[in-house]
Amino acid sequence: MQSLSERYVIRYQTKPTAARERKRDFLANEVPVALVYNGIAHTVMMCTPQDLADFALGFSLAEGIVDNKSAVYGIDVVEQCNGIEVQLEIATRCFVALKDKRRTLTGRTGCGLCGVEQLNQVSRELKPVEQKITFSLSQLDAILNTMHHQQVLAEKCGATHAAAFIAPDGTLLAIREDVGRHVALDKLLGWHAKCGQPPGFVLVSSRASYEMVQKCVACGIEMLIAISAATEYAVQLAEQYHFTLVGFARTGRAVIYHDTQRLQQ
């Protein structure tokens, strides 16, 4: 299944003169993707249909369904007539725990709390992250430029978010795109786990919500830089987890919400 579709649209402009023009354009595809654990459906999310094995692994780790990648024995991506199933075989102990705390997440694009039934399900108990990396903010402009040019889907359709993994020396190691910012991050976290959790941090093309901080911490990542703002709850979690959180990352500037120890000038 393709990530982009083409269709005719009407382009309207006012300058230099008012005009309408019929042209072909690219649109991002979003399809229902069901995550099925040991034969039991757990959640349906609206996703861009690429890198779905990465998404399934990253989601499973970030949501605490499995505690490490070795607990996932297999992942199969199966197209259905009305969407896609990603079928995971996980360790029995993880599946038993999943059934005990099962929640239904029939999700909309970028929805972070779909299916949560109780207030105590919002925040999870996680260990604070250790400081293992430092990063020079002087490299941020170059990284933002590199990330912008690596967003292949966004360049064509303008409807996707991106999450990129950056090494401490500023090298962009991977990028994942999706119509949903949380899904783009899950895809990147799946890549990160498959590659043995290399050191570095996450850069996202969106705001930084509490859940994005929580997902990074759950996967052992210690810093998140966002193009847009952070929420108050995200900053509270950053303080709780000893996590470095930066927002409004733009050319020549950024806002450091918490923990400057990992950041050099």
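These legends accompany several close-up views of a predicted model.

**View A. R262, a buried arginine in a loop.**
Our starting point is R262, which sits in the loop that links β14 (253-258) to β15 (263-264). Is R262 buried or exposed? With a relative accessibility of 2%, R262 is buried, because the cut-off for that label is under 20%. Two polar contacts of the R262 side chain are worth finding in this view. One goes to the side chain of E222, at 2.5 Å, and another goes to the side chain of T244, at 2.7 Å. Leaving aside residues up to four places away in sequence, R262 touches V129, E130, Q131, I133, T134, F135, E222, H242, F243 and T244.

**View B. Strand β13 and its partner β12.**
T244, met in the previous view as a polar partner of R262, now returns in the company of β13. This strand covers residues 244-250, and five of its seven residues are buried, so β13 is mostly covered. Strand β12 (residues 223-226) runs parallel to β13, and three bridges join the two. To find the pairing by eye, look for M223, whose bridge partner in β13 is T244. How are β12 and β13 connected to helix α7 (residues 232-241)? Together, β12, α7 and β13 make a β-α-β unit, and the unit is right-handed.

**View C. The hairpin of β13 and β14.**
On to the pairing of β13 with β14, where the strands run antiparallel and four bridges join them. R250 has R253 as its bridge partner in β14. The hairpin has two residues between its strands, and here G252 takes a positive phi near 80°.

**View D. Strand β9 and its two neighbours.**
Here the focus is β9, which spans residues 161-166 and is mostly covered, with five of its six residues buried. Which strands pair with β9? One partner is β10 (residues 172-178), in the antiparallel sense, over six bridges. Within this pair, H161 stands opposite D178 of β10. The two strands form a hairpin with five residues between them, and G170 in the turn has a positive phi of about 95°. Strand β11 (residues 201-204) is another partner of β9, again antiparallel, with four bridges joining the two. A handy landmark for this pair is I166, which stands opposite F201 in β11.

**View E. Helix α5, enclosed by its surroundings.**
This view follows α5, a helix of 14 residues (181-194). At 1.5 Å a residue, α5 should span 20 Å, and its end C-alpha atoms are indeed 20 Å apart, so expectation and model agree. How many of the 14 residues of α5 are buried? The count is 13, which means that the helix is largely enclosed by the rest of the structure. Just after α5 comes G196, with a positive phi of about 80°.

**View F. Cysteines without a disulfide.**
If you are wondering about disulfides, the structure holds zero of them. C157 is in no disulfide, and its nearest cysteine sulfur, that of C47, is 15 Å away. C157 is also buried, with a relative accessible area of 18%. C219 is likewise in no disulfide; here the nearest cysteine sulfur belongs to C216 and is 7.5 Å away. Why does that distance leave C219 without a disulfide? The two sulfur atoms would have to be within 2.5 Å to count, and 7.5 Å does not meet that cut-off, so no disulfide is assigned. C219 is buried too, at a relative accessible area of 6%.

**View G. D67, an exposed aspartate.**
We finish with D67, found in the loop between α1 (52-62) and β5 (72-80). Its relative accessibility is 52%, so D67 counts as exposed. The side chain of D67 makes a polar contact of 3.0 Å with the side chain of N68. Another polar contact, also 3.0 Å, joins the side chains of D67 and R93. Not counting residues up to four places away in sequence, D67 touches L61 and R93. C219 from the previous view reappears here: D67 and C219 are 152 residues apart in sequence, and in space their C-alpha atoms are 9.0 Å apart.

Terms used. Residues numbered from 1 in each chain as written. Predicted model: local features only at pLDDT ≥ 70, side-chain atom pairs only at ≥ 80, totals over all residues. Heavy atoms only, no water. Buried < 20%, exposed > 50% of the residue type's maximum accessible area, 1.4 Å probe, protein only. Polar contact = N/O pair within 3.5 Å; in protein donor to acceptor, adjacent residues only side chain to side chain. Contact = heavy atoms within 4.5 Å. Pairing = 2+ DSSP bridges. Right-handed = clockwise from strand over helix to strand, strands pointing away. Expected span 1.5 Å × (residues − 1).
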